[in-house]
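Here's a quick walk through some charged side chains and who they pair up with. Have the sequence and the 3D view open as you read.

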Amino acid sequence: MPADVLARFAEIGRESSTLAVLRHAQIAEKMGLSATDHKALDLAARADGPLTAGEIAKLTGLSTGAVTGVIDRLERAGFVRRVRDAKDRRKVLVEVLPLDEEKVAPLFESALIVTEKVLEKFTPAEREVIERYQNELMALLRADVLGGNP
C-alpha cells in the first residue's frame with residue numbers, strides 16, 4: 001500500500017471518527033446519557049434478548065466493574081431493567097426496555113438525511129464497493145478493539 005494512500009485514508013478515518021463521536025455525544029446528551037452509556041445501550045439493544053453484565057462487558061470491551069456502573073445509570077434513566085434468568089434464578093440479566101420512538105427517532109434524523117445525500121452521489125455498483133469497504137473495516141476494527149479474530 002503506498003504511504004500517501006494510507007495517510008489519506010487514515011486522515012479520513014480520523015476525521016470521520018471524531019465527527020461520529022461528537023454526533024453520538026450530542027445524541028447521548030439529549031437522551032440524558034453519557035456517550036459510553038449510549039453506545040452500550042445500542043449494543044445491548046441489538047442483541048438477541050437480555051444479556052448478563054459479563055456479556056455486555058465482552059460486547060463493549062469495558063471491564064465488568066465499569067459495566068455495572070453503565071447498567072446502573074441506564075436503569076435509573078429507564079432504558080433497561082435487571083431481571084432474574086428464568087432458567088437460573090441466580091443469574092441476573094439486563095433487559096432493554098422499548099424506546100419511545102417518537103422521542104428517539106428525531107435525534108438520528110439528520111444522520112439519515114446526510115447518509116442519503118451522500119449515497120445519492122454514487123451508483124449502485126459504487127455503493128456496493130463502499131459497503132464492502134465499510135464491512136471489512138468494521139470487522140477488523142471489531143477484532144482489534146474487542147479482541148478475537150475478524
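Let's start with Arg81. Setting aside neighbours within four places in sequence, Arg81 is in contact with Glu75, Leu93, Val94, Glu95 and Leu97. Keep in mind that this is a predicted model. Arg81 sits in strand E1, and its relative accessibility of 42% makes it partly exposed. Two of those contacts come with a distance. The side chains of Arg81 and Glu95 are joined by a polar contact of 2.4 Å. For Val94, the C-alpha atom lies 5.8 Å from that of Arg81, although the two residues are 13 apart along the chain.

Now for the salt bridges. How many salt bridges are there by the rule used here? The count comes to eight. Some background helps: side chains of opposite charge can pair when their charged atoms come close. The table gives three of the pairs, with the N to O distance for each.

| Pair | N to O distance |
|---|---|
| Asp4 and Arg8 | 3.6 Å |
| Arg82 and Asp72 | 2.6 Å |
| Glu75 and Arg82 | 2.5 Å |

Take Arg82 with Asp72, whose closest N and O atoms are 2.6 Å apart. This pair ties together distant parts of the chain: Arg82 belongs to strand E1 (residues 80–84) and Asp72 to helix H4 (residues 64–76), with their positions ten residues apart in the count. Are these side chains buried or partly exposed? Arg82 is partly exposed at 33% relative accessibility, and Asp72 is partly exposed too, at 28%.

Arg82 also meets Glu75 through a salt bridge, at 2.5 Å from N to O. Glu75 has a relative accessibility of 31%, so it counts as partly exposed. Glu75 turned up earlier as well, among the contacts of Arg81.

Elsewhere, Lys39, Asp42 and Arg46 are joined into one network by salt bridges that share partners.

That leaves Asp4 and Arg8, whose side chains meet in a salt bridge at 3.6 Å. Where do these two residues sit relative to each other in helix H1? Both are in helix H1 (residues 3–31), and because they are four residues apart, about one helical turn separates them. Asp4 is partly exposed, with a relative accessible area of 47%. Arg8 is partly exposed at 47% relative accessibility.

Notes
Residues numbered from 1 in each chain as written. Predicted model: local features only at pLDDT ≥ 70, side-chain atom pairs only at ≥ 80, totals over all residues. Heavy atoms only, no water. Salt bridge = Lys/Arg side-chain N within 4 Å of Asp/Glu carboxyl O. Buried < 20%, exposed > 50% of the residue type's maximum accessible area, 1.4 Å probe, protein only. Contact = heavy atoms within 4.5 Å. Polar contact = N/O pair within 3.5 Å; in protein donor to acceptor, adjacent residues only side chain to side chain.
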